[in-house]
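Q: Could you pick one part of this protein and take me through it slowly? I'd like to see how a single piece sits among its neighbours.

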Amino acid sequence: CGLDKFNGLYSHISKEICEENAKEENVDNTTFIEGDIRHLDFKKESFDCIISNYAIHNIPQDRQEILFNSLELLKKVGTFVIHDIFSTHKYGDMESFINKLKNQGYEKVELLDSCNGNPLSHNEAKKLMLSNSKLLYGRK
């Protein structure tokens, strides 16, 4: 299931474009729906995997709460990969958030810098306004 608001800043990205991209990549078990990550209407433990790429930093609310609520939708042993701009200004103390996840039973939770040459250098990230890009991943 792919979820997006399909409007606003990135309104040029449509449900149809997402469906076409999935088809080009031979992915046929995906559904795209319009929605808002702040108001998820799914049962807990509904998904095997949760992936987000540069989306949550755009939401002007408690991003840790949004992350935590999203991760509750993972099935047991489900995995998550969140790539975003994890600045302290946007997300607060991520070390305490990681500890909260570990205390809730999540495993192998790590926050990796993605501006160390893989895939971007610090200079490239700065030019693209993507400084503090990191990859948060783990398993429930």
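A: Let's look closely at helix 2 and the parts around it.

Keep in mind that this is a predicted model. To get your bearings, the chain has 5 helices and 6 strands. Starting from the N terminus, they come in the order β-α-β-β-α-β-α-α-β-α-β.

Now zoom in on helix 2, residues 63–71. Just at its N-terminal end sits D62, which acts as a cap. One of the side-chain oxygens of D62 is 3.1 Å from the backbone nitrogen of Q64.

Is helix 2 mostly out in the open or tucked away? It is largely enclosed by the rest of the structure, because 7 of its 9 residues are buried. Here, buried means under 20% relative accessible area. The buried ones are R63, Q64, I66, L67, F68, S70 and L71. For the chain of 140 residues, by contrast, the buried share is 33%.

So what do those buried residues of helix 2 pack against? Their partners are strand 3, strand 4, strand 6, helix 3 (88–91) and helix 4.

Three of those partners are strands that helix 2 lies across: strand 3, strand 4 and strand 6. The helix runs at about 150 degrees to strand 4. Helix 4 (residues 94–103) packs on the sheet too, where it touches strand 4, strand 5 and strand 6. Its direction is at about 160 degrees to that of strand 5.

The sheet itself is open, with 4 strands in the order 3-4-6-5 and mixed pairing. At its edges are strand 3 (47–53) and strand 5 (107–113), each pairing on one side only. From one strand to the next, the twist averages 5 degrees.

Let's see what "mixed" looks like here. Strand 3 and strand 4 run parallel, joined by 6 bridges; F47, for instance, has L74 in strand 4 as its bridge partner. Strand 4 (residues 74–85) and strand 6 (residues 133–139), on the other hand, pair in the antiparallel sense over 7 bridges. There, T79 stands opposite R139.

Back to our helix: strand 3, helix 2 and strand 4 together form a right-handed β-α-β unit.

Finally, step back to the chain. Of the contacts between residues at least 6 apart in sequence, 74% join residues at least 24 apart. The C-alpha atoms fill a box of roughly 40 × 35 × 30 Å along the principal axes. The radius of gyration is 16 Å, which agrees with the value near 14 Å for a compact globule of 140 residues.

Definitions and conventions. Residues are numbered from 1 along each chain as its sequence is written. This is a predicted model: local features need pLDDT of at least 70, side-chain atom pairs count only at pLDDT 80 or more; totals for chains, interfaces and linings use all residues. Side-chain values use heavy atoms; hydrogens and water are left out. Two strands pair if DSSP finds at least two bridges between them. Helices (H or I, at least four residues) and strands (E, at least two) are DSSP runs, numbered from the N terminus. Axes are lines fitted to C-alpha atoms, for helices over the stretch in contact, and angles run from 0 to 180 degrees between N-to-C directions. Contact means heavy atoms within 4.5 Å. A crossover is right-handed if, with the strands pointing away from the viewer, the path from the first strand over the helix to the second runs clockwise. Buried means under 20% relative accessible area, exposed over 50%, partly exposed in between (1.4 Å probe, protein chains only). A polar contact is a pair of N or O atoms within 3.5 Å; within protein, one must be able to donate a hydrogen and the other to accept it, and residues adjacent in sequence count only if both atoms are side-chain atoms. The radius of gyration is taken over C-alpha atoms; the globule rule is 2.2 Å times the number of residues to the power 0.38.
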